[in-house]
Amino acid sequence: MAGQAEDDITSVLHESRLFKPASEFSKQAHVKSRAAYDRLCRRAEKDPEGFWGGLAEKELVWFKPWKKVLDWKPPFAKWFVGGSTNVAYNCLDRHLEGPRKNKAALIWEGEPGDSRILTYQDLHREVSQFANVLKNKGVKKGDRVAIYMPMIPELAVAMLSCARIGATHSIIFGGFSAAALRDRINDAEAKLVVTADGGHRKGGVITLKEKVDDALKDAPSVETMIVVKRTGNAVKMKKGRDFWWQDEMKGASAVCKAAALNAEHPLFILYTSGTTGKPKGVVHTTGGYLLGTTVTSKWIFDLKEEDTYWCTADIGWVTGHSYIIYGILSNGATSVMYEGVPTYPEADRLWEIVEKYRVNIFYTAPTAIRALSKLGKQWPKKHDLSSLRLLGTVGEPINPEAWMWYHTVIGGGRCPIVDTWWQTETGAIMITPLPGAIPAKPGSATLPFPGIAAEVVNKNGKKVPPNVGGYLVIKRPWPSMLRTVWRNPKRYKETYWSDIPGVYFSGDGARKDKDGYFWIMGRVDDVMNISGHRLGTMEVESALVSHSTVAESAVVGTPDEIKGTAICAFVTLELGQKPSEALRKKLKAHVTKEIGAIARPDQIRFTDNLPKTRSGKIMRRLLRDIAAGRESVGDTSTLEDYTVLAKLRHDEES
Ligand code: WT7
């Protein structure tokens, strides 16, 4: 926590509309009523281990039963102790025994309009083959494999292959820079990298292999690189280190038994931003993660055998891990995967895909909804969207206007909307309506998933009264929780289990209304939410000060109509350096090079000084107010140099 006053998180949203699920929807839903939801919650409350243990038995295949559901030595949890299973087995093999064998597991659409459909049998074959390729290259259980790929089927194959043999994958979003990639590879000490020559994006080609080459100049743990030929752009292959995916697959056997893995075996590491300059490697394990993603997928998306489900996230983020691949395939459902941007070749691409594959369930981010709604309803109106029966959002609070547009223009007024709150760390959705049971209020993620002990508390961990802002915490361990920060249990403990006594602190502020509905109010730490993606202010600051002209910088988020939050950087230059438009451009490009385009500041403001407290702490609240053009109402009594403030207000970027 950044030590902010609790009155900082006062809520201004007051939305009172209530949207009840249609009775036809409720009748067919997995969870059909508020009463049924309440029963599940009571059961979980009374006997959490019985509740999760029962579900684990019912929803997953185990090779060996567990001895104990939970071993909780705060803040370290082990779930399904002694049990053994395999995530790839649950996502693939178990579906081959019946009619799902020839059902589409993945429906993939490339940006140029090419497409591939992989049945469960097809996907199983490719995963087994690639698992053998990994083994042939010396990858063993417990080794880390870095994956840096466009949204192509081989990405799904690569991750499931790791899961099959017990290699721990670390997927790095394709938008990250070579430097960011290198840091993540080094932190995890990956032995092998899977990438592609490039990917199609906005009608052009983004290069990937080139960036890996760059990263590997300083990544000694990597022995092998496997490269999918996707775009055909020229790449250099280093003999003995680099191999084409297509060549390796040709000779690979399609027989590879799924390894029996301990329930706590690390399935993946996923890096996420925190309040320091160094991203954290969030560790998820096997049994609990799979249970969390499987059950939430089934109840929240109300998955049925005949559904076509589409989540538009990139697999480089946790949403793609949990709700394009693991949770969805574990249920034997059909998952749509799309390579490109929503506006290529035109603004109706998403709606065209919905129509083409008769998508029934559609899950996306508020930032996408806002951007697409701005382009006008003529685009969705060109398409038959009547197949849709359920909509979802994730990543940031959705403003009621965007919610209403989604509901009426996309959902035709008939689809429930699930606003799902969760995090990289939680692994699975935590606060959400169950669509047949819980009426929605636009802008609220509604109620905790059964078994999730979410609460809004003050700094001392005491529950706050209705409609009073506080900190969003989880009071009990849950199966899909992160287990630690990769090779840094101390940071795990300090980040999540120290600020507020005895509970997991999410970093978000929230309030609960009189009906117990949760209203998420955003981060209360020095983390921004840019287009639904988390980014630490410190990370951008470190990138800026790594430029030779920069002496000091402070980065804050400022409200943005489409992105939710835009990045504003206050920069103090080294003595003798002059502010200029050219330097502004250079600095923006430098941040893109250091982290990636998502971190590129929208504004850079040069300043001679930054406002600081007497103890030297940068007063971010003041900077936030200045960036947003608000007059500062906060306490400035400790401000070191009062004149700095007035100057900053005037030095706005032109
Ligand atoms: C942060 C987690 C989890 C997948 C995507 C982001 C914000 C997430 C919601 C929501 C309001 C939300 C929170 C959270 N957030 N979902 N439905 N309503 N805020 O994953 O990068 O780990 O970010 O996203 O601030 O802490 P992430």
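Helices and strands here are DSSP runs, numbered from the N terminus, and with that in mind you can begin the tour of this predicted model by selecting P345, which sits in the loop between strand 17 (334-338) and helix 12 (349-357). Add Y344 to the selection and look at the bond that joins Y344 to P345, a cis peptide bond with omega at about -5°.

Next, select P74 and P75, which are also joined by a cis peptide bond, here with omega at about 0°; P75 belongs to the loop between strand 1 (68-73) and strand 2 (76-81). Most residues other than glycine have a negative phi, and most peptide bonds are trans. With this in mind, go on to T446 in the loop between strand 20 (417-420) and strand 21 (454-457), where phi is positive, near 65°, although the residue is not glycine.

Now show helix 6 (residues 153-165) together with helix 11 (residues 318-330), whose axes come within 12 Å and cross at roughly 55°, so that the two helices are oblique to each other. The crossing of helix 6 past helix 11 is right-handed. To see the contact, display A156, M159, L160 and A163 from helix 6, and H321, I325, Y326 and L329 from helix 11; of these residues, seven are nonpolar, one is polar and none is charged.

Finally, colour the chain by its domain assignment, with domain 1 covering 23-443 + 490-497 and domain 2 covering 527-653. Their C-alpha centres lie 34 Å apart, and 24 residues of domain 1 are in contact with 22 residues of domain 2. Between the two domains about 1,700 Å² is buried, with carbon and sulfur atoms giving 51% of that area.

Terms used: Residues are numbered from 1 along each chain as its sequence is written. This is a predicted model: local features need pLDDT of at least 70, side-chain atom pairs count only at pLDDT 80 or more; totals for chains, interfaces and linings use all residues. Side-chain values use heavy atoms; hydrogens and water are left out. Axes are lines fitted to C-alpha atoms, for helices over the stretch in contact, and angles run from 0 to 180 degrees between N-to-C directions. Helices (H or I, at least four residues) and strands (E, at least two) are DSSP runs, numbered from the N terminus. Angles under 35 degrees count as roughly parallel, over 145 as roughly antiparallel, 65 to 115 as roughly perpendicular and the rest as oblique. A crossing is left-handed if the near helix is turned anticlockwise from the far one by less than a right angle, and right-handed if clockwise. Contact means heavy atoms within 4.5 Å. Ala, Val, Leu, Ile, Met, Phe, Trp, Tyr, Cys and Pro count as nonpolar, Asp, Glu, Lys and Arg as charged, and the others, Gly among them, as polar. Domain bounds come from an automatic or database domain assignment. Buried area is the accessible area (1.4 Å probe) that two parts lose on being put together, summed over both.
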